[in-house]
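Here is a short briefing for a reader who is new to this structure. Please look over the sequence and the model first.

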Amino acid sequence: MTDDSAIADAAGTVEVDRDGAILRLTLRRAGRRNALSQPMLASLLDALTAAATDDLRVVHLRGADGDFCSGVDWVASNGKGSRPRTGDLVRRIPHTAHRVVELLHSMHLPVVCTVRGWAAGLGANLAIAADFTLAENDAVFWEPFLSRGFSPDSGATWLLPRLVGLTRAKRMLLLGDKIGGVEAAQWGLIDRALPEADLDAATEELLTRLAAAPTVAFGLAKQAIHRNLDSGFGDALDTELYALELACRTADFKEGLAAFRERRAPDFRGR
């Protein structure tokens, strides 16, 4: 008889908890530094897809038990006896790992990532696809692809050069250099590095701030920033104008003006 709970434990889980306007997603896979199994990827994708259209204000992504995520479990999916078909990765990955990274990067909700311990491979790329990543000083960001004999994926070759510049991106992607939390913050790879004891408080402060922000305007601004990375100045102005037109039709815009006139803090509702 098969123990379904034991199978679930071995495959890991993505814990989905709604805390008011905050959606907390916790990667948990004991003994594997929260390496992502295919069921975990599917769960993460489902949760993010639902969050993108839900009445939420912010997404918080984190790992359990002292690590963030050590990437995809390539050993399990490429073990002895496995014979993947030619083209299997091309058919599968755009709908799993790539889609998860795309959602983190493009969804209108703000995404905050907290990193303790290891963020490697896809784990590192999930962290840097978030809008704000806070890490403990001793965290480790690592792109181990070439050291395992294959090329980078999940957006690493697009995200890293834009965050840290070409030379540093090559050090991480081609040489496989491990980057500590403090250095990652100094490079601009992440938002902040903090002592472990201060990490939770800083994360909660940021989540609270974002949960009180004008969510629609935030999403439009985020979309414009990302879209304009690859556009000319004229196109960027057009994108900003479109976003501004939509933002000025929101209830939060009216509240922002009223609060300014009345000299009080605005009470944004995300609408």
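The notes below go from the whole chain to the sheet, then to charged pairs, one helix and one strand residue.

This is a predicted model. The chain has 13 helices and nine strands. Six of the strands form an open sheet. The structure also holds 19 salt bridges.

**The chain as a whole**

- The chain counts 271 residues, and 44% of them are buried.
- Take the contacts in the chain with a separation of 6 or more: residues 24 or more positions apart account for 67% of them.

**The sheet**

- Strands of a sheet pair through backbone hydrogen bonds, either parallel or antiparallel.
- The open sheet of six strands runs in the order β1-β2-β3-β4-β6-β9. Its pairing is mixed.
- The edges are β1 (13–19) and β9 (192–194), and each of these strands pairs on one side only.
- From one strand to the next, the twist averages 20 degrees.

**Strand β3 and its two partners**

- Strand β3 covers residues 58–63 and runs parallel to strand β2, residues 22–28. Six bridges join β2 and β3.
- One position in this pairing puts L23 opposite V59 of β3.
- Strand β4, residues 111–115, also pairs with β3 in the parallel sense. Three bridges hold that pairing.
- V59 has V111 as its bridge partner in β4.
- L61 stands opposite C113 in β4.
- Helix α2 (residues 38–52) belongs to a β-α-β unit with β2 and β3, and the unit is right-handed.

**Salt bridges across the sequence**

- Side chains of opposite charge can pair when their charged atoms come close.
- D54 and R18 meet through their side chains in a salt bridge, at 3.1 Å from N to O. D54 is in the loop between α2 and β3 and R18 is in strand β1, so this pair ties together parts that lie 36 residues apart in sequence.
- Are the two partners of that pair buried or exposed? D54 has 39% relative accessibility, so it counts as partly exposed. R18 is partly exposed too, with a relative accessible area of 47%.
- D73 and R32 form another salt bridge, and their closest N and O atoms are 3.0 Å apart. The two residues are 41 residues apart: D73 sits in the loop between β3 and α3 (74–77), and R32 in the loop between β2 and α2.
- D73 counts as buried, because its relative accessibility of 7% is under the 20% limit. R32 counts as partly exposed at 35% relative accessibility.
- D67 forms a salt bridge with R33, with 3.3 Å between the closest N and O atoms. D67 lies in the loop between β3 and α3 and R33 in the loop between β2 and α2, and 34 residues separate the pair.
- At 11% relative accessibility, D67 is buried. R33, at 42% relative accessibility, is partly exposed.
- E15, R28 and D65 are joined into one network by salt bridges that share partners.

**Helix α11**

- Helix α11 spans residues 215–227 and has 13 residues.
- How far does α11 reach from its first C-alpha to its last? The helix reaches 18 Å, close to the 18 Å expected at 1.5 Å a residue.
- Which residues of α11 are buried? They are T215, F218, G219, L220, K222 and A224.
- Several elements help to cover these buried residues. Among them are the helices α5 (97–106), α10 (196–211), α12 (233–247) and α13 (251–262). The cover also includes β4 and β6 (132–136).

**A look at V16**

- V16 lies in strand β1, an edge strand of the sheet.
- V16 has 46% relative accessibility, so it counts as partly exposed.
- Leaving out residues up to four places away in sequence, V16 touches L23, R24, L25 and A47.
- T26 is ten residues from V16 in sequence, and their C-alpha atoms are 6.8 Å apart in space.

Note on methods. Residues numbered from 1 in each chain as written. Predicted model: local features only at pLDDT ≥ 70, side-chain atom pairs only at ≥ 80, totals over all residues. Heavy atoms only, no water. Pairing = 2+ DSSP bridges. Helix = DSSP H or I, 4+ residues; strand = E, 2+ residues; numbered from the N terminus. Right-handed = clockwise from strand over helix to strand, strands pointing away. Axes fitted to C-alpha atoms, helices over the stretch in contact; angles between N-to-C directions. Salt bridge = Lys/Arg side-chain N within 4 Å of Asp/Glu carboxyl O. Buried < 20%, exposed > 50% of the residue type's maximum accessible area, 1.4 Å probe, protein only. Expected span 1.5 Å × (residues − 1). Contact = heavy atoms within 4.5 Å.
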